[in-house]
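The following exercises concern one protein chain. Work through each task with the sequence and coordinates at hand, then compare the result with the solution.

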Amino acid sequence: MAGAVSRLQRSGTATPAHSTEPAAVRWLLIALALAFLGLVVFIPLASVFYEAFRKGSALYFKALAEPDALSAIRLTLTVAAIAVPLNVVFGIAAAWAIAKFEFRGKQLLTTLIDLPFAVSPVVSGLIYVLLFGAQGWFGPWLLDHNIKILFAVPGIVLATIFVTFPFVARELIPLMQAQGTDEEESAMVLGANGWQTFWYVTLPNIKWGLLYGVILCNARAMGEFGAVSVVSGHIRGKTNTMPLHVEILYNEYNFVAAFAVASVLALLALVTLLVKNIVEWKAHRDLALAVPREGKP
C-alpha cells in the first residue's frame with residue numbers, strides 16, 4: 001500500500017482535479033446520465049419486482065417454494081461456491097506469475113486469460129460438448145467408465161469456471177504490476193519464505209483488488225446463461241440454474257413464477273452491488289488514511 005500511495009502522490013492523482021466546466025454543463029451531463037440509467041436500469045429492475053408481486057405475495061412465495069425453483073437456487077449457489085474459489089486460486093497464481101516474473105510464453109498466458117471475454121458463452125459451452133459429448137474426444141471413454149460430465153453438475157461447473165476465470169486475474173495483474181517487486185524482495189532479504197512473503201506482504205497490498213475480483217466473478221457465475229444452457233440439458237430439478245429456470249417458466253407463460261425467480265437473481269445482483277460499493281469505499285478510505293502517513297518522518 002505504501003508504494004502505491006507514494007506513486008499516487010508523485011503522479012498527482014491522489015486528489016481529483018476540480019472540473020472547470022460551467023455548472024449548466026455539469027448538471028446537463030448528470031441529468032442525461034440519470035435519465036439513461038433510469039430508462040435502461042432502474043425501470044426494468046423495478047418492473048421485475050412489480051411483476052413478481054403483482055398477484056400478491058402468497059403466489060410469489062409459493063413460486064419460490066416449488067421444488068424446481070428451490071433446486072435451481074441451490075444449484076446456482078453451489079456452482080458459484082465451487083467456481084469462485086477455484087478462480088481465486090487461479091487468478092492469484094496467474095497474476096503473481098505475470099506481474100512478478102519474466103518467462104517464455106508470458107504474453108500467450110495473458111492472451112489466454114482474456115479469451116473468455118472474446119469468445120461467445122455459447123461457443124464456450126460447445127467446446128465442452130466437443131470434448132465430453134457422446135461423440136466428443138473423451139465421450140466414449142467417459143461412457144465406458146460411467147462418468148457423466150455433460151447434462152450434469154460437473155459440466156455446469158466447468159462451463160461457469162471457463163467464462164468467469166478472467167475476472168480475478170484481470171483485477172490483480174495491473175495492481176501487482178503497479179506495485180512492483182521491491183517489497184517482496186525486501187521481505188526475502190530479511191529471511192521470509194515464499195508463503196510468508198505472500199501472506200504478510202503481497203496479500204495485504206492486493207486485498208481490495210482481490211475482493212473486487214471475487215465479487216465480479218461471483219456475480220457472473222450466478223447469472224451465466226449461454227454456456228450453462230449448452231451443457232446443462234435443461235433437466236428440471238437437476239441441471240437448471242436460476243437463469244435457465246426463468247427461461248423455462250417464461251416460455252410456459254408462467255409469468256408470476258418466472259419473475260419471482262428473476263427477482264431473486266436481481267436481489268442477489270443488488271447485494272453484490274452493495275458489497276462492491278462497500279469494498280470500494282473501504283479501499284478509498286484506507287488510501288486516504290495512508291496518504292498523510294507517507295509525509296510523516
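Helices (DSSP runs of H or I, at least four residues) and strands (E, at least two residues) are numbered from the N terminus. The model is a predicted one, in which local features need pLDDT of at least 70 and side-chain atom pairs count only at pLDDT 80 or more, while totals for chains, interfaces and linings use all residues. Residues are numbered from 1 along each chain as its sequence is written, and side-chain values use heavy atoms, with hydrogens and water left out.

**Exercise 1. Locate lysine 55 and state its exposure.**

Step 1. Lysine 55 falls in the loop between H2 and helix H3 (57–65).

Step 2. Relative accessible area sorts residues into buried (under 20%), exposed (over 50%) and partly exposed in between, with a 1.4 Å probe and protein chains only. Lysine 55 has a relative accessible area of 54% and is therefore exposed.

Step 3. Alanine 83 is 28 residues from lysine 55 along the chain, and 36 Å separate their C-alpha atoms.

**Exercise 2. Describe the overall fold and extent of the chain.**

Step 1. The chain contains 15 helices and zero strands.

Step 2. The C-alpha trace spans about 70 × 60 × 30 Å along its principal axes.

Step 3. Of the 297 residues in the chain, 37% are buried. The accessible surface (Shrake-Rupley method, 1.4 Å probe; for residues, only the protein chains shown count as cover) amounts to about 17300 Å², and carbon and sulfur atoms account for 70% of this.

Step 4. A contact means heavy atoms within 4.5 Å. Among contacts between residues at least 6 apart in sequence, 72% join residues at least 24 apart.

**Exercise 3. Identify the nonpolar cores and the elements that build the largest one.**

Step 1. A nonpolar core is a set of buried Ala, Val, Leu, Ile, Met, Phe, Trp, Tyr and Cys residues joined through side-chain atoms within 4.5 Å. The largest has 19 residues, of which Val88, Ile92, Ile113, Val168, Leu172, Ile173 and Leu210 touch the most other members.

Step 2. At least two residues of this core come from each of helix H4 (67–100), helix H10 (166–179) and helix H12 (194–223). H4 gives the largest share, seven residues.

Step 3. Beyond its neighbours within four places in sequence, leucine 172 contacts Gly91, Ile92, Ala95, Ile206, Gly209 and Leu210.

Step 4. A second, separate core has 17 residues, including Val48, Met242, Val246 and Ala257.

**Exercise 4. Find a nonpolar patch on the surface.**

Step 1. Patch residues have over 30% relative accessible area and no salt bridge; like charges are joined within 9 Å, and nonpolar side chains (Val, Leu, Ile, Met, Phe, Trp, Tyr) within 5 Å.

Step 2. Trp27, Ile30, Leu34, Phe36, Leu37, Leu39, Val40, Val41, Phe42 and Ile43 make a nonpolar patch of about 1100 Å².

Step 3. One of these residues, leucine 39, lies in helix H2 (residues 23–53). Leucine 39 counts as exposed because its relative accessibility is 60%.

**Exercise 5. Analyse the salt bridges.**

Step 1. A salt bridge places a side-chain nitrogen of Lys or Arg within 4 Å of a carboxyl oxygen of Asp or Glu. The whole structure holds six salt bridges.

Step 2. One of them joins arginine 236 and aspartate 68 at 3.4 Å, N to O. Arginine 236 is in the loop between helix H13 (226–232) and helix H14 (242–251), and aspartate 68 is in helix H4, so the pair ties together parts 168 residues apart in sequence.

Step 3. In another, the closest N and O atoms of aspartate 114 and arginine 170 are 2.8 Å apart. Aspartate 114 sits in the loop between helix H5 (106–113) and helix H6 (115–118), and arginine 170 in helix H10, 56 residues apart.

Step 4. Arginine 220 and glutamate 224 also form a salt bridge, at 2.8 Å, N to O. Arginine 220 is partly exposed at 25% relative accessible area, whereas glutamate 224 is buried at 4%.

Step 5. Shared partners join Asp68, Arg236 and Glu252 into one network of salt bridges.

**Exercise 6. Assess the confidence of the model.**

Step 1. pLDDT is the predictor's confidence in each residue, from 0 to 100. Its average over the chain is 84, and 91% of the residues score at least 70.

Step 2. Among the elements of the chain, helix H9 (residues 153–164) has the highest mean pLDDT (93) and helix H1 (residues 2–11) the lowest (44).

Step 3. Over residues 1–17 pLDDT stays under 50, and the model has 20 contacts beyond four places in sequence for this segment. Where pLDDT is low, the predicted coordinates should not be read in detail.
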